[in-house]
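User: I'd like a close look at one part of this structure, please. Pick a sheet, walk me through how its strands sit together, and then tell me what surrounds it.

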Amino acid sequence: MNFEWVENEVKEVGPGVWIRVAIDNISWADLGNGGVVIDALEDIEQADVVRALLKETTGQDLKWIVTTHWDVDHIACNPQWKREGAIDIAHESCAQSAGDWEGRPDMTFNDQGILRGAGDRRIEMKWMGGTHTPWDTVLYFPHAKVLHIADLFGWGLIPCQPTPEKVTRLKQVLSEVLNYDADAVICGHGPVTNLECIQRFLTYFDDLLETVPPLVERGLSLDEIEAKVLPPADMNAWWRFTAWKHKKNIELISTHYKPTPVGT
Ligand SMILES: [Zn+2]
């Protein structure tokens, strides 16, 4: 698989599932009986552009919006698309956060939901919140073997403040993600990835959790820790990983990961 980042590249990730790759990705799919957009970006100017891309690539009109989480960079086009007749579907926690905002979800689910298209086309939605945000939902397109995990994978960046509780939850959630039968994995930002990369992130994450806290304990500065804990060579090509994410991860673990000492 090619992990090169080509800004604004539009491509079909699996049958009928499309993405426009950018810093903020947008993806959409042809469900046979209508078009669905996943998330809604941060820039309302994109509402017409994305609607046109959906039509051009799939021939479908926009019928649904499925929201992975309620961060501002994922929901901006909701009001316009809803005014134009689209139905927004999201986890019930998103509706609680949306209040009476015009872009709020129209339909919600708790834990799991299925958006059925024509034939075998569908999106299986599963809530896996509690790390990046309280809302995180994973979407699976079984007919296309495509998984959308939004911001749960950040190309090496730990997607939350790694407190011991969140570390446990993140490992649980990403392990669950590995159980899907997926050839391609869409994330919220950057190139399309795959399950091997998520597996690799988990081993990298474990390594950091093991190596960084003892160095913090010994009183080393962040710079000194960085000099000792180098980014793994096989992850050097990961999107923006060596530029700042590895360094940021060390800082995040130093700040938030305070495991209870054994014997207390
Ligand atoms: Zn995001």
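Analyst:
**A close look at the seven-stranded sheet**

Let's start at one pair of residues: Val 37 has Ile 65 in β5 as its bridge partner. Keep in mind that this is a predicted model. The two strands involved are β4 (residues 35-38) and β5, which run parallel and are joined by four bridges. Helix α1 (residues 46-58) packs on the sheet here, touching β1, β2 (17-20), β3 (26-30), β4 and β5. The direction of α1 makes about 130 degrees with that of β4.

Back to Val 37 for a moment. Leaving out residues up to four places away in sequence, Val 37 touches Trp 28, Val 50, Leu 54, Leu 62 and Ile 65. Val 37 also belongs to the largest nonpolar core, a set of 64 residues. Val 37 is among the residues with the most contacts inside that core, along with Val 36, Val 66, Val 146, Ile 149 and Val 185. The element that gives the most to this core is helix α4 (residues 164-177), with five residues. As a general point, nonpolar side chains in soluble globular proteins tend to be buried together.

Now step across to the next strand. β5 (residues 62-66) pairs with β6 in the parallel sense, over three bridges. Val 66, which we just met in the core, stands opposite Ile 89 in β6. Strand β6 (residues 87-91) is mostly covered, with four of its five residues buried. Between these two strands comes helix α2 (residues 78-83), and β5, α2 and β6 together make a right-handed β-α-β unit.

One more step takes us from β6 to β7 (residues 107-109), again a parallel pairing over three bridges. Here Ala 90 has Thr 108 in β7 as its bridge partner. To get from β6 to β7 the chain goes through helix α3 (residues 92-98), and this β-α-β crossover is right-handed too.

Zooming out, what is the order of the strands in this open sheet? There are seven, running β1-β2-β3-β4-β5-β6-β7, and the pairing is mixed. β1 (10-14) and β7 are the edge strands, each pairing on one side only. On average, neighbouring strands are turned by 25 degrees against each other, direction ignored.

For context, there's another open sheet, this one of five strands in the order β8-β9-β10-β11-β12, also with mixed pairing. Its edges are β8 (112-116) and β12 (184-187), each pairing on one side only. Its neighbouring strands are turned by 20 degrees against each other on average, direction ignored. Inside this sheet, β10 (residues 137-141) and β11 (residues 146-150) run antiparallel, joined by three bridges. Leu 139 stands opposite His 148 in β11.

Last, a quick look at two helices beyond the sheets. Helix α4 holds Ser 175, which is exposed, with 12 other C-beta atoms within 10 Å. Ser 175 and Ile 198 lie 23 residues apart in sequence, yet their C-alpha atoms are 8.8 Å apart in space. In helix α7 (residues 241-256), the buried residues are Phe 241, Lys 245, His 246, Asn 249, Ile 250 and Ile 253. Down the axis of α7 they fall within an arc of 140 degrees, so they line one face of the helix. The buried residues of α7 pack against α5 (195-217) and α6 (222-228), whereas exposed Ala 243 and Trp 244 sit on the face turned away from the buried side.

Notes. Residues are numbered from 1 along each chain as its sequence is written. This is a predicted model: local features need pLDDT of at least 70, side-chain atom pairs count only at pLDDT 80 or more; totals for chains, interfaces and linings use all residues. A residue is buried if 20 or more other C-beta atoms lie within 10 Å of its own, exposed if 12 or fewer, and partly exposed in between; C-beta atoms are placed from the backbone. The arc is that of the directions from the helix axis to the C-beta atoms. Two residues are in contact if their C-beta atoms, placed from the backbone, lie within 7 Å. A nonpolar core is a set of buried Ala, Val, Leu, Ile, Met, Phe, Trp, Tyr and Cys residues joined through C-beta atoms within 7 Å. Two strands pair if DSSP finds at least two bridges between them. A crossover is right-handed if, with the strands pointing away from the viewer, the path from the first strand over the helix to the second runs clockwise. Axes are lines fitted to C-alpha atoms, for helices over the stretch in contact, and angles run from 0 to 180 degrees between N-to-C directions.
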